[in-house]
Structures are given as C-alpha cells and as structure tokens.
Amino acid sequence: MTFPGANDMFFRKKQHALNTESLASLIDHTVTINGSITFDKNARIDGTVYGNLTGSMAKNNLLIVGPQATVHGDIRCQSLVVLGYVKGNVTATYLEIRSSARIHGDACYETIEMYQGAEINGHLFRIQSDSKKETSDTPSITLEIKSTS
C-alpha cells in the first residue's frame, strides 16, 4: 500500500542552493592541480586535485567540492560540502554529502547531512566535539605498559 506524497514527504530532501558569494578561492573545472592545498577561508573546487586539501579546524571555514570536481587525496576542514568525487578520507566537523557525491574513503564527522543518492564507499566515524569530551572532573585511567625483555 502506498500513500500519496509519501515519497516526497519521507524520502526526498530538497537540496538548498549554496551561497558562493563569500568564497575566497575558486578552482575552475578546467584546472588540474598536482600537490596539496592549504586554506584558511572558504573555497570551492570544481577542477581536479591530486593531493590533500587542508583547512583550519579551529576557524569557521567551508570547502565545497563541486559536482564536476575530482579530488584524489584526503580532505580535512571545519565544514565540507561534497557534490563531486573524492577518492580519499574526509574529516570535517560539519559534513554535507549531496546526492551527486561519491566518496571512496572513510568519513569522520561531528555532524553529517547525507542526501538520497549520495554514495560513500568506506567507514563512517562520528567524532566528539570538544564540549562533549570528558572534563577534568571525570575519573580517568592511565595504563603504563613496560617491556619485560
């Protein structure tokens, strides 16, 4: 038995438009980069990158991997939106995986938003935020391992 509008209500999530006005860097779809990239502000990749992409985890920065983009390397940044192809591990406090995205690697995140049709071939690992980690009032156990040789 099906209900009218059930697919639209439960299984289809409207993808909102990305605001690209605040981007500090844009790598066009005609550009290929061989090497790692480090960034401190918002950036968008629409080309091909063979190397790691690293943004500050402490700052509020955003990396958009566009629908035509291909990244062969690991990505680490505060906020990450993937619409294209990534072959490597991704780590972000906020991770958004759009319906056209394909990730072949592990994903580490604090908050994740994944759209219908998105593909991840790897493991998902949730990381704790600093505010949720143990405080000094919480008892801890320290183990010391000594070699007997």
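A salt bridge is taken here as a side-chain nitrogen of Lys or Arg within 4 Å of a carboxyl oxygen of Asp or Glu. In the predicted model, the side chains of R44 and D46 satisfy this criterion, with a nitrogen-to-oxygen distance of 2.9 Å. Both partners are covered: a residue is counted as buried under 20% relative accessible area, and because the value for D46 is 14%, D46 falls in that class, as does R44, which is buried because its relative accessible area is 16%. The structure contains two salt bridges, and E96 and R98 form one of them through their side chains, at an N to O distance of 2.4 Å. Burial extends to this pair, since E96 and R98 are each classed as buried.

A further polar residue, N42, is located in the loop that connects β3 (37–39) with β4 (43–45). N42 is likewise counted as buried, because its relative accessibility is 16%. The side chain of N42 approaches the backbone nitrogen of L62, the distance being 2.9 Å. L62 belongs to strand β7, which spans residues 62–65 and is joined to β9 by four bridges in a parallel arrangement.

Strand β9, comprising residues 75–82, is mostly covered, with seven of its eight residues buried. Besides its pairing with β7, in which V65 is placed opposite V82 of β9, this strand pairs in the parallel sense with β6 (residues 53–55) over two bridges, and T54 is found opposite R76 of β9. Strand β11 (residues 90–97) also runs parallel to β9, the two being connected by seven bridges; within this pairing, S79 has Y94 of β11 as its bridge partner. In a regular strand, side chains alternate between the two faces of the sheet.

At the level of the whole protein chain, one helix and 15 strands are assigned. The chain consists of 149 residues, of which 36% count as buried. Its exposed surface amounts to about 9800 Å², and carbon and sulfur atoms contribute 50% of that area. Among contacts with a sequence separation of 6 or more, 10% involve residues that are 24 or more positions apart.

How values were computed. Residues are numbered from 1 along each chain as its sequence is written. This is a predicted model: local features need pLDDT of at least 70, side-chain atom pairs count only at pLDDT 80 or more; totals for chains, interfaces and linings use all residues. Side-chain values use heavy atoms; hydrogens and water are left out. Buried means under 20% relative accessible area, exposed over 50%, partly exposed in between (1.4 Å probe, protein chains only). A polar contact is a pair of N or O atoms within 3.5 Å; within protein, one must be able to donate a hydrogen and the other to accept it, and residues adjacent in sequence count only if both atoms are side-chain atoms. Contact means heavy atoms within 4.5 Å. Accessible areas come from the Shrake-Rupley method with a 1.4 Å probe; for residues, only the protein chains shown count as cover. Two strands pair if DSSP finds at least two bridges between them.
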